[in-house]
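Reader: I'm new to reading protein structures, and I'd love a close look at one part. Could you walk me through how the helices pack against one another?

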Amino acid sequence: MIYVDGVPFSTISSEFVGTDEATTCVGLVIRSQKNGMVSVAHMDSPKIVDTGLNQMLSLLVDQNFDLNLDVHMIGGFEDVTLKRANGTTWSESHEKLDGYSFPLCTKIIDSLVKRREKFHIRTLFVLSHNTKRDSQGNAYPIFNGFLVETSTGSLNPASFERSTRCPDEIVRRLRVSASNEDPTWNGKLLETYDTRADRFVIAPCCWTSYQLYIALQLQQLSDADILLTCSTSPAAEGPDFVDNERRLWEYIIKHPDWQYTFPLRQPRIFKRTADGGWKRCLLTTGDSSQEPEAKTSLQMA
């Protein structure tokens, strides 16, 4: 199984692929009806939708715009109440929205409509369709994750334990938090999985000492304040949200220099083992590593 977290994407030929932790985020699945190949993304902002769709479709379409593509959207909920903007009418303001889910969902749909590919929306479990309320009227998502069976294209609601989230979980979480400091990833989804080679390729990301400063500050907060400070939907987060944040900050405090995590700005690569697990492939560099054209090779860790 391949797990997609944060704002990465993967184009998959594996048997199963899934994501979770999508409260105000949206899990997007695009599947080719022709060959069953699936691309899955975990999107958190309208700013990454257009470039993200280009990334997702690059392996699925290959310039063949006549392909029929099934689309599934799950996630996002009614995280705010509609508010009038400064007393203006609907025609003047189109309802000012202060939430996260609605702008993201509308941007995805709008971008799909404008593209040349042939999309067929099969699942649209977002916003009001994905909202439940408690006795006090507080809103929560009904589902925040799913599992896709690539051979059939069927989806099932799912959440994942830490042990099933595939390799390098903390580093992948760190990339999501720190990628806004790396212009390489501006407006893009983070690359995670190489379907051709069936391996995780955690593409490099750099960050500044600001991440260390933030980690040291946030680590001092109470659990309640961490939820209020770090989440777009504090009341809707899973029980391990705070622990995941603290583990991330501990890693940054211990390894503040991004070059420790990505030496020579090389990716972190994991290959599948015979028992279905993942093993890291270490990059080895020859004595001429200081030269521009120094060669690197892979060996299993």
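Author: Happy to; here is a tour of the helix packing, one helix at a time. This is a predicted model, in which local features need pLDDT of at least 70 and side-chain atom pairs count only at pLDDT 80 or more, while totals for chains, interfaces and linings use all residues. Residues are numbered from 1 along each chain as its sequence is written, and side-chain values use heavy atoms, with hydrogens and water left out.

Two packed helices are described by the angle between their axes and the distance between the axes. Helices here are DSSP runs of H or I with at least four residues, numbered from the N terminus. Axes are lines fitted to C-alpha atoms, for helices over the stretch in contact, and angles run from 0 to 180 degrees between N-to-C directions.

Let's begin with helix α4 (residues 169-178) and helix α7 (residues 241-254), whose axes come within 10 Å and cross at roughly 85°. That makes α4 and α7 roughly perpendicular to each other, a label for angles of 65 to 115 degrees. On the α4 side, the contact (heavy atoms within 4.5 Å) is made by E169, I170, V171, R173, L174 and S177. From α7 come N244, R247, L248, Y251 and I252. Sorted by class, this contact has six nonpolar, two polar and three charged residues. Here Ala, Val, Leu, Ile, Met, Phe, Trp, Tyr, Cys and Pro count as nonpolar, Asp, Glu, Lys and Arg as charged, and the others, Gly among them, as polar.

Next, α7 also packs with helix α6 (residues 223-230), at an angle of about 85° and with the axes 10 Å apart. So α6 and α7 are roughly perpendicular to each other. In this contact, α6 supplies D223, I226, L227 and C230, and α7 supplies F241, V242, E245, R246 and W249. These residues divide into six nonpolar, no polar and three charged.

Now for helix α5 (residues 210-218), where Q211, A215 and L218 are buried. Buried means under 20% relative accessible area, with a 1.4 Å probe and protein chains only. Looking down the axis of α5, its buried residues fall within an arc of 75°, so they line one face of the helix. The arc is that of the directions from the helix axis to the C-beta atoms. And what covers these buried residues? The cover includes α4, α6 and α7, which brings us back to the helices we started with.

Notes
Helix = DSSP H or I, 4+ residues; strand = E, 2+ residues; numbered from the N terminus. Parallel < 35°, antiparallel > 145°, perpendicular 65-115°, else oblique. Buried < 20%, exposed > 50% of the residue type's maximum accessible area, 1.4 Å probe, protein only.
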